Amino acid sequence: SSGNVALSMWLGLLLDGIPESLMLGFMTNEGKITGTFLIAILIANFPEAFSGASMLRAQGMATWRVFAMWFVVFALTGLLAMLGSIIMPDTVRNGSVEMRIRDTSTAAFEGLTGGAMLAMIATAMLPEAFKGAGESAGL
């Protein structure tokens, strides 16, 4: 049902947001965050969040509950970005242990994020698209 798809999309965004927000915290300390980058993140995540929220409302979930679910994602990712900024030193020397930890954890976070998104797309979004569009879903 589309309710399960919507919950899967919410969970996928939550799982995607955890490592993504930690990486944002790391990048903040390095001065690598630009307005364009933040707009790109908004553009990438907004349609998925909007459609998931719309599906939840269409299934009869109360507005306050839908809002609370998305607020949890918002608050958790904000706190994790702050944590990522706190745990990563402001200056990281080339070849240092901190640099290796940062690079290794960033690679692990990116892999986790990509895997979570692929799993959510394969298990929730693609079947729903095929159900809605039929044979022309992939065109």
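Before I place any residue, let me say that helices here are DSSP runs of at least four residues, numbered from the N terminus, and with that in hand we can say that A137 sits in the segment after α4. Please keep in mind throughout that this is a predicted model.

Let me begin with the whole chain. The protein contains four helices and zero strands, and if you read from the N terminus on, the order of elements is simply α-α-α-α. Measured out along its principal axes is not quite the right phrase for a computed value, so I will say that the C-alpha trace spans about 55 × 35 × 25 Å along those axes. Of the 139 residues, 34% are buried, and the protein exposes about 8,500 Å², of which carbon and sulfur atoms supply 71%. If we take the contacts with a separation of 6 or more, 75% of them are made by residues that are 24 or more positions apart. As for charge, there are 7 positive and 10 negative side chains, and the centres of these two sets lie 5 Å apart.

Now to the interior. Which residues touch the most other members of the largest nonpolar core? Among its 18 residues, these are W10, L56, V66 and W70. The elements that contribute two or more residues to this core are α1, covering 2-30, then α2, α3, and finally α4, covering 97-133, and the largest share, six residues, comes from α1. There is also a second, separate core of six residues, and L22, M23, F26 and M88 are included in it.

V66 deserves a moment of its own, and if we set aside residues up to four places away in sequence, V66 touches A53, L56, R57 and M61.

That brings us to helix α3, which runs over residues 63-87. How far apart should the ends of a helix with 25 residues be? At 1.5 Å a residue the expected span is 36 Å, and the end C-alpha atoms of α3 are indeed 36 Å apart, which agrees. The buried residues in α3 are V66, M69, W70, V73, T77, L80 and G84. When you look at that list, it helps to recall that an α-helix has 3.6 residues a turn, so residues three or four places apart point the same way.

Let me turn next to a residue in helix α2, which covers residues 35-58, namely N45. Is N45 buried or exposed? Its relative accessible area is 19%, and because buried means under 20%, N45 counts as buried. Leaving aside neighbours within four places in sequence, N45 is in contact with L13, D16 and E20.

L15, in helix α1, is another case, since its relative accessibility of 40% makes it partly exposed. L15 and I33 are 18 residues apart along the chain, and their C-alpha atoms are separated by 21 Å.

I33 also serves as a reference point for A137, the residue with which I opened. A137 and I33 are 104 residues apart in sequence, while from C-alpha to C-alpha they are 36 Å apart in space. With a relative accessibility of 33%, A137 counts as partly exposed, and, once its neighbours within four places in sequence are left aside, A137 is in contact with A129 and F130.

Finally, G132 belongs to helix α4, and with a relative accessible area of 67% it is exposed. G132 and G95 are 37 residues apart in sequence, and their C-alpha atoms lie 52 Å apart in space.

Technical notes
Residues are numbered from 1 along each chain as its sequence is written. This is a predicted model: local features need pLDDT of at least 70, side-chain atom pairs count only at pLDDT 80 or more; totals for chains, interfaces and linings use all residues. Side-chain values use heavy atoms; hydrogens and water are left out. The expected span of a helix is 1.5 Å times one less than its number of residues. Buried means under 20% relative accessible area, exposed over 50%, partly exposed in between (1.4 Å probe, protein chains only). Contact means heavy atoms within 4.5 Å. Accessible areas come from the Shrake-Rupley method with a 1.4 Å probe; for residues, only the protein chains shown count as cover. Lys and Arg count as positive and Asp and Glu as negative; His and the chain ends are not counted. The place of a charge is taken as NZ of Lys, CZ of Arg, CG of Asp or CD of Glu. A nonpolar core is a set of buried Ala, Val, Leu, Ile, Met, Phe, Trp, Tyr and Cys residues joined through side-chain atoms within 4.5 Å.
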